[in-house]
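User: Hi! I'm in my first year and still learning to read these pictures. Could you take a close look at the sheet in this one and walk me through how it is put together?

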Amino acid sequence: MTHDITVIGSNMMELSTDIDRMPKLGETVAAPDFHMAFGGKGANQAYAASQLGSNVAMISKVGSDMLGREYLKHFKESGIDVAGVSVGKKSNGVAPCFIQGNMNSIIIVQGANSELTPDVLEDYRDIIKNSKLIVLQQEISLETDYRAIEMAH
């Protein structure tokens, strides 16, 4: 199958907490609000392209946990072809975000995204070669991006 766009990259569950102040080391503070959202540069690009009417495939690694299952469901519900999405051994990537007014602090935990290696792309060579356009970011290894470019070329 030919896709308009194949996105090769990350997916992260964003875990955002509004805070009045950052806790000091060893301290626990209460926070007024928390929410989760689907994120990650690659997944966001795939979602946006799909919502704009493109035929989109995603090549990514979701986690072997509840968050990975939810992300896979989200891809499918968004009309994204998930033939290139596999379940990794690690937990899903997460991005805990701490928001204080107009400032934020973010921690990136790559999780299963780190398992999207150049060798994994070999399983999806046909998807890459049969795409009109591939989209890459730098939330996965540069070696994986370089391999994707070679395969697409």
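Analyst: Sure! Keep in mind that this is a predicted model. Let's start with the outside: the chain exposes about 8400 Å², and carbon and sulfur atoms supply 54% of that area. Of its 153 residues, 44% count as buried.

Next, the parts list. The chain has five helices and eight strands, and reading from the N terminus you meet them as β-β-β-α-β-α-β-β-β-α-α-β-α.

Now for the sheet you asked about. Four strands line up in the order S5-S4-S1-S8, paired in parallel, and the sheet is open. At its edges sit S5 (81-87) and S8 (131-136), each with a partner on one side only. Go from one strand to its neighbour and the turn between them averages 15 degrees, if you ignore direction.

Zoom in on S1 and S4. Strand S1 covers residues 3-8 and strand S4 covers residues 56-62; the two run parallel and are joined by four bridges. If you want a spot to click on, try Ile 8, which stands opposite Ile 59 in S4. A helix joins the picture here too: H1 (residues 41-51) packs on the sheet and touches S1, S4 and S8. Compare directions, and H1 makes about 155 degrees with S4.

Finally, zoom back out to the whole chain. Among contacts with a separation of 6 or more, 72% come from residues 24 or more positions apart. The C-alpha atoms fill a box of roughly 50 × 30 × 25 Å along the principal axes.

Notes:
Residues are numbered from 1 along each chain as its sequence is written. This is a predicted model: local features need pLDDT of at least 70, side-chain atom pairs count only at pLDDT 80 or more; totals for chains, interfaces and linings use all residues. Side-chain values use heavy atoms; hydrogens and water are left out. Buried means under 20% relative accessible area, exposed over 50%, partly exposed in between (1.4 Å probe, protein chains only). Contact means heavy atoms within 4.5 Å. Accessible areas come from the Shrake-Rupley method with a 1.4 Å probe; for residues, only the protein chains shown count as cover. Two strands pair if DSSP finds at least two bridges between them. Axes are lines fitted to C-alpha atoms, for helices over the stretch in contact, and angles run from 0 to 180 degrees between N-to-C directions.
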